[in-house]
Amino acid sequence: MAMIQVDEAREIILAKIEPKGVEKVSLNDALGRILAEDIVARRNNPPMDNSAMDGYAVIAADIQSATPDNPVKLEVVEHVAAGAVAQKTLKNNQAIRIMTGAPIPPGADAVLMQEDTDKNGSGILAKDRAEVGENIRLAGEDVKVGDVVIRKGVTITPSHIGMMAVVGRSNIFVSQRPTVAILSTGDEIMELDETPEGPCIYNSNGYMLAAQIRSAGGIPVYLGVAKDDEKDLMEKFDWALKCDIVVSSGGVSVGDYDLVKATLDKMGNEMVFWKVAMKPGKPLAFGKIGERPIFGLPGNPVSSFVSFEQFARPAIKKMMGANDVMPRTVQAKLTRTIHKKTGRLHFMSAVVSWDSGEYTVSPAEEQGSGVLKSTVNANGLLVFPLEKDELKNGELVTVQLLDV
Ligand code: AMP
Ligand code: MG
């Protein structure tokens, strides 16, 4: 097995991932999907100059001298609500009652807010001056026709949904979600509905991987457990090829029954079997069966979890055309000194908090490829660089944030 660095392995993998197609969804179904088109405004927002206040449309020059003690009388000639249009053109010493969002009447160049006026019979007293343009929201102030308001490749958020509605898009193109087959392997692995007998363990990886796939935007397809038996493995990998990506766990190490490697060696093309210079998660198989990318992740639960995050999640995101395929990172202040041997990059389950204006990071006390509880409260993976053997209390370190 070749020894390889994490970044190098990821680069090789990503270079072999092709984007999947697009599909149309209604705006209500678009949250969390990857946008597959640039959204261009077909309309100005606001569409016309309109009032930012409830008050009176005026000609600013008419009320230049207005003060509370020396108000200016104006005749109110019309009322416009939002959704209505003034029929009259404003003339000197006139005002038009106007509501927030209503179009500015012709002739008016400012809106005096209601609080700066008193009623005066059928007219008003203006008690303050106004600048030209005051309280007027200009057409196109938010968005102009032709503006690219959202770029292709982003993960759609509630604000994106709002903006697409602003420009009148009820249907949009998003990337198709890849189907991802999950195959757990091992004679000792049992299903959750089986009664534990002898040295069996539940298929926790299968469920955890399904959740990771879903949170990455993929559609998990659960294929159950294959025995450490080449025939069973081949049959199940064969089923898995109906999916866009295949993820297996277990059987890629150097044990006597690690038959996933041997099976993939026979079935796969472009297969590589790496020792990745990382901990947890050293053994990794990657390649294709036909056109289908396949990830042979290690079986230890934390190794499977971390390897998925480093390699499979970015691949799923690339297949969906996402601009950002890498996990988000923050620099955080370490809360205790930690040690390791040099030569492998360690990912440590950790809690990142925002504390008095800075991020702090506390790695779980007990780390280990089988210690799944270390991940339970973790919201990040502390990156302990390969060449370092110590990170000091108070040092700024890189932490990958875990997506949910
Ligand atoms: P392997 O890579 O197959 O040698 O497995 C390494 C360790 O991970 C063993 O202790 C397995 O029992 C455990 N393991 C493998 N697959 C799973 C799974 N699907 N769920 C939980 N633990 C697993
Ligand atoms: Mg095994």
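This is a quick talk about the ligand site and one buried lysine in the structure above.

Okay, so before anything else: this is a predicted model. Let me start with ligand 1.

Where does ligand 1 sit? It's in the largest pocket. As for who supplies the surroundings, the elements giving two or more residues to the shell are strand β14, at 179-185, strand β16, at 201-202, and helix α3, at 204-216.

Now, which residues come nearest? There are 16 residues around ligand 1, and the nearest are Glu188, Asn203, Gly251, Gly299 and Asn300.

Three of those names come back when we look at polar atoms, so let's take them one at a time. With asparagine 203, a polar atom of the side chain is 2.8 Å from a nitrogen atom of ligand 1. Glycine 299 uses its backbone: an N or O atom there lies 3.1 Å from an oxygen atom of the ligand. Asparagine 300 also comes in through a polar backbone atom, 3.1 Å from an oxygen atom of ligand 1. And on coverage, ligand 1 on its own has 480 Å² of accessible area, of which the protein covers 78%.

Right, on to lysine 317. This one belongs to helix α6, which runs over residues 301-319. Buried or exposed? Lysine 317 counts as buried, because its relative accessibility is 13%, and the cut-off for buried is under 20%. So what does lysine 317 touch? Leaving out residues up to four places away in sequence, the contacts are Ala216, Ala322, Val325 and two aspartates, Asp324 and Asp403.

That's what I had; happy to pull up any of these on screen.

Note on methods. Residues numbered from 1 in each chain as written. Chains lettered and ligands numbered in written order. Predicted model: local features only at pLDDT ≥ 70, side-chain atom pairs only at ≥ 80, totals over all residues. Heavy atoms only, no water. Helix = DSSP H or I, 4+ residues; strand = E, 2+ residues; numbered from the N terminus. Buried < 20%, exposed > 50% of the residue type's maximum accessible area, 1.4 Å probe, protein only. Contact = heavy atoms within 4.5 Å. Near = heavy atom within 4 Å. Polar contact = N/O pair within 3.5 Å; in protein donor to acceptor, adjacent residues only side chain to side chain. Areas by Shrake-Rupley, 256 points an atom, 1.4 Å probe, with all protein chains shown as cover. 1 Å grid on protein atoms, 1.4 Å probe; cavity = no way out; pocket = protein on both sides within 12 Å on 5 of 7 lines; lining within 4 Å. Sits in = over half its atoms within 2 Å of the grid points.
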